[in-house]
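Biologist: I should like to learn how to read the features of a protein model. May we go through one together?

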Amino acid sequence: MTLLIYSGAIALFVLVMATHTFTTEVAPKKMNLISIANCSTGNSLRRDLRTYLPQFVFVKTHKTGSSTLTVLLANILEQENVYPAFGKDGRVGWPNSFVDVERQLKEPAADQFHAIITHIRWDTASFSTVNRLLGRVFTFTLLRDPLDRFISACHYDGFGPFYGLFGLVEQPVDENILNLMLDKLEDTNYFMQYLPEDTAKEYLTSYVYDLGLGDDPLLLNENSLEHDLKLLDSRIDFVLITERWGESMALLRRHLCQPLSRFVWLSHKVNSIRNSAQDISEATRLRFRRVFWHEYRIYDKYKARFDSMITPEISREASLLDSLSKQLTQRCRLSRSDCPLRNDVPETMKQLHKRKLRAFGLDPEQDS
């Protein structure tokens, strides 16, 4: 499903950008990651990048735009004729650790995969399992401002029961509604007693839980979280920021040795997750930050690191990606049949699994 959207000028620009050597360090020195310079032979970009797509783990987070990225990554894997891990319930072990290939992954050849792109809890147990199967591979995640993410979760389809826990009727979150929710959430005992466990893990302590930093928010304190964050640096190499989507894609493609065209997204999906909290007052923002201090400690640390990576070249490429994405989105609105991107994670993963079944000479219809 190659994206046919380049003019001659854009293609030339992409070629120049792809072969340019960037000196900004985008991962800890502990790993000898493939850089964009290693993706080329001599002074010309290799046309066949297949042997240069590194194995990787994308630690998918909730309500961050991660489904859009999962589809982009699935398309790349499909074009390279390799496969992700297929979880039996659509997730790689989550909400539990990934420890048992036979029990948690789909056949055929469940232990033969090039990447993980669906939900996985990235704790030390999951890290050890992946390290045993693939070795130490490039690992990244996606974070979004916790207030924007919380409001997005409240607006999520079918999230009415969450409102009921606060004695509220499902409605758009405004200043008043958010403060009523914070009245409850400031009471930690209420938080732990009445909120469903998976709701807390997915929407309230998502970063803490998904990144393997703790099981119980009652046990969190600043010292323990700081200690665990230092350990996390040995398991996570790169963190993308939702609010800086274009720059995130420009940086990520360098790690994955991919041409620019493979990171063009459907912009209406990404644009819809920006500025969810723009009408919330500064006082309420500060209150929310106090309640969700743990999520902000994680987000602030990695956002500052991300900001330090941005160069003028990355900014220019991000602008180009944004422009190309708007063109693609308009094209898809005019004709879905002419749209080269799927926009649904379950369907995307189902089609990839059917393809793997066919590759192993099995009936793709056995995929339930």
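Modeller: The discussion below moves from the whole chain to single helices and then to individual residues. Please keep in mind that this is a predicted model.

Biologist: Let us begin with the chain as a whole. How many helices and strands does the chain have?

Modeller: There are 17 helices and 6 strands in the chain. Of the 368 residues, 53% are buried. One may also ask how far apart in sequence the contacting residues are. Among contacts with a separation of 6 or more, 76% join residues 24 or more positions apart.

Biologist: How should I read a single helix? In α11, which residues are buried, and which are exposed?

Modeller: A residue is called buried when its relative accessible area is under 20%, and exposed when that value is over 50%. In helix α11, which runs over residues 222-232, the buried residues include Leu 225, Leu 229 and Leu 232. These three lie on the same side of α11 because they cover an arc of only 55 degrees around the axis. Asn 223 and Lys 230, on the other side of α11, are exposed.

Biologist: What covers the buried residues of α11?

Modeller: The cover includes α15, which spans residues 293-307. To describe such a pair, one gives the angle and the distance between the axes. For α11 and α15, the angle is about 40 degrees and the axes are 11 Å apart. The crossing of α11 with α15 is right-handed. By class, 6 nonpolar, 1 polar and 5 charged residues form this contact. On the α11 side, the participants include Leu 225, Leu 229 and Leu 232, and on the α15 side they include Trp 293, Ile 298 and Tyr 302.

Biologist: What is found at the start of α11?

Modeller: There, a side-chain oxygen of Asn 221 comes to within 3.1 Å of the backbone nitrogen of Asn 223. Helix α5 can be read in the same manner. At its start, a side-chain oxygen of Asp 145 reaches to within 2.9 Å of the backbone nitrogen of Leu 147.

Biologist: How many residues of α5 are buried?

Modeller: In α5, residues 146-154, 9 of its 9 residues are buried. Charged residues can appear in such a list: Asp 148 and Arg 149 are among the buried residues of α5.

Biologist: Where does Thr 242 lie, and is Thr 242 buried or exposed?

Modeller: Thr 242 is located in the loop between β6 and α12. With a relative accessible area of 1%, Thr 242 is buried. A polar atom of its side chain lies 2.6 Å from the backbone oxygen of Thr 64.

Biologist: What should I look for in the backbone itself?

Modeller: Most residues other than glycine have a negative phi, and most peptide bonds are trans, so departures from either pattern deserve attention. Trp 94 and Pro 95 are joined by a cis peptide bond, with omega about 10 degrees. Pro 95 belongs to the loop between α2 and α3. Another cis bond leads from Glu 107 to Pro 108, where omega is near 5 degrees.

Biologist: What is phi of Ala 109, and what is phi of Cys 257?

Modeller: For Ala 109, phi is near 45 degrees, a positive value. Ala 109 lies in the loop between α3 and β4, and its relative accessible area of 14% makes it buried. For Cys 257, phi is near 55 degrees, also a positive value. Cys 257 sits in the loop between α12 and α13 and is buried, with a relative accessible area of 1%.

Definitions and conventions. Residues numbered from 1 in each chain as written. Predicted model: local features only at pLDDT ≥ 70, side-chain atom pairs only at ≥ 80, totals over all residues. Heavy atoms only, no water. Buried < 20%, exposed > 50% of the residue type's maximum accessible area, 1.4 Å probe, protein only. Helix = DSSP H or I, 4+ residues; strand = E, 2+ residues; numbered from the N terminus. Arc of directions from axis to C-beta. Contact = heavy atoms within 4.5 Å. Polar contact = N/O pair within 3.5 Å; in protein donor to acceptor, adjacent residues only side chain to side chain. Axes fitted to C-alpha atoms, helices over the stretch in contact; angles between N-to-C directions. Left-handed = near helix turned anticlockwise from the far one by under 90°. Nonpolar A, V, L, I, M, F, W, Y, C, P; charged D, E, K, R; others polar.
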